[in-house]
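Visitor: I am new to this structure. Please take me through a close look at one part of it, then walk on from there.

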Amino acid sequence: MKIDEKEFIKLTDFLKKDYGINLINKKGLIEGRLTNLILDKGFNDFKEYLDYVFMDTSKEEITVLINKLTTNHTFFMRETDHFDYFKNVILPYLNGSVKNKDLRIWSAGCSSGEEPYTLAMITEDYFNKSGILWDKKILATDISVNVLEKATQGTYEAEQINSIPSNWKLNYFDAINKDNFKINNKIKQEVIFRIFNLMDDFPFKKKFHVIFCRNVMIYFDKETKKKLINKFYQMTEPGGYLFIGHSESISREDTDYKYVMPSVYRKG
């Protein structure tokens with residue numbers, strides 16, 4: 001099924017303006033990912049379907065559309081060097097510098113939960129018994145209701161947790177059966193999942209010590225990305241860190257963050 005130029009422009013302009021998602025050069029992707037959805041819902045063409053989407057005041061249909069168009073592919077221990085740096089450098093630094101023991105970590109674009117749960121398990125390991133003295137809950141946000149529902153459930157297939165340390169499987173997962181495992185309550189209670197559009201104004205009262213926003217900005221154009229990076233900067237504590245995906249980068253002219261290592265930046 002083909003999308004005509006008028007509907008293509010209408011859709012891509014809307015996605016960029018309201019969600020920061022730039023698909024202006026992705027006509028083939030849009031057609032490929034939405035055609036079956038349109039047919040399954042009984043529409044004859046893109047125009048009928050998009051009229052229906054834009055008339056839906058509940059915004060449930062636009063959420064379905066975004067879920068189809070954006071790839072929510074993630075896995076435990078993705079880009080392992082980030083987690084090693086978080087464990088070996090950042091947590092010791094925060095342990096010594098955060099005097100009120102209020103640790104604030106944000107997984108922005110958390111998808112199906114692997115990233116924030118990994119951060120929670122690393123943090124739990126690091127603080128161990130002294131962890132009861134700390135508020136170390138992790139905020140995990142995403143634009144997709146579907147992936148947040150999966151993340152909140154915290155259920156994963158055996159092959160999805162093959163890459164994690166064996167002691168994590170023992171200490172932080174409960175076996176449902178031989179093929180499925182569930183994050184236990186000890187870790188689950190350390191992660192707060194919320195739906196949030198990164199294009200909206202940030203409502204947070206306190207700044208974050210660490211922000212992970214990895215493989216999210218691949219959909220954004222240069223100007224949208226620059227604005228988001230600057231919003232992150234404003235919400236980062238002095239000395240705090242921003243992690244982005246290995247396939248992403250930040251121009252030094254576009255931010256006051258200081259480069260630390262590939263895809264890791266720090267607020268001076």
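Guide: Start at Glu31, which sits in helix α2, residues 27-40. This is a predicted model. Is Glu31 buried or exposed? Its relative accessible area is 11%. That is under the 20% cut-off, so Glu31 counts as buried. What does Glu31 touch, apart from neighbours within four places in sequence? Its contacts are Met1, Lys2, Ile3 and Phe46.

Helix α2 covers residues 27-40. Look now at Lys27. It lies over the face of Phe8, and the distance to the ring centre is 5.0 Å. A second case of this kind involves Arg266 and Tyr93. Here Arg266 lies over the ring face, 4.6 Å from the centre of the Tyr93 ring.

Rings also meet other rings. How many aromatic pairs does the structure hold? There are 27. A pair of rings is described by two things: the distance of the centres and the angle of the planes. Take Trp106 and Phe208. Their ring centres are 5.1 Å apart. Their planes stand at 35°, so this pair is tilted. The pair links distant parts of the chain. Trp106 belongs to strand β1, residues 105-108. Phe208 belongs to strand β7, residues 208-213. The two are 102 residues apart.

Are these two rings buried or exposed? Trp106 has 0% relative accessibility, so it counts as buried. Phe208 is buried too, at 6%. Both residues also join an aromatic cluster. Its other members are Phe196, Phe202, Phe204 and Phe232.

Phe208 leads on to an open space. Rolling a probe the size of a water molecule over the atoms shows where empty space is left. The second largest pocket holds about 260 Å³ of space. It is lined by 13 residues. Which of them are closest to its centre? They are Arg104, Lys137, Leu139, Ile192 and Phe208. The lining divides into 7 nonpolar and 6 charged residues, with no polar ones.

Next comes Phe83, in helix α5, residues 80-97. Its relative accessibility is 2%, so Phe83 counts as buried. Leave out residues up to four places away in sequence, and Phe83 touches Met77, Arg78, Glu115, Thr118, Leu119, Ile122, Phe212 and Arg214. Leu11 is elsewhere. Phe83 and Leu11 are 72 residues apart in sequence, and their C-alpha atoms are 37 Å apart in space.

Now the loops. Lys59 lies between α3 (46-55) and α4 (60-69). Its phi is near 65°, a positive value in a residue other than glycine. Asn128 is not a glycine either, yet its phi is positive, at about 50°. Asn128 is in the loop between α6 (114-127) and β2 (138-142). Its relative accessible area is 52%, so Asn128 is exposed.

End at Pro262. It lies in the loop between β9 (258-261) and β10 (264-266). At 49% relative accessibility, Pro262 counts as partly exposed. The cut-off for exposed is over 50%, so Pro262 does not pass it. Which residues does Pro262 touch, not counting those up to four places away in sequence? They are His82 and His246. Ser249 is 13 residues from Pro262 along the chain, and their C-alpha atoms are separated by 8.0 Å.

Technical notes
Residues numbered from 1 in each chain as written. Predicted model: local features only at pLDDT ≥ 70, side-chain atom pairs only at ≥ 80, totals over all residues. Heavy atoms only, no water. Phe/Tyr/Trp six-rings, centres within 6.5 Å; stacked < 30°, edge-to-face > 60°. Helix = DSSP H or I, 4+ residues; strand = E, 2+ residues; numbered from the N terminus. Buried < 20%, exposed > 50% of the residue type's maximum accessible area, 1.4 Å probe, protein only. Lys NZ or Arg CZ within 6 Å of the ring centre and 35° of its normal. Contact = heavy atoms within 4.5 Å. 1 Å grid on protein atoms, 1.4 Å probe; cavity = no way out; pocket = protein on both sides within 12 Å on 5 of 7 lines; lining within 4 Å. Points joined across faces, edges and corners; volume = space filled by probe spheres on them. Nonpolar A, V, L, I, M, F, W, Y, C, P; charged D, E, K, R; others polar.
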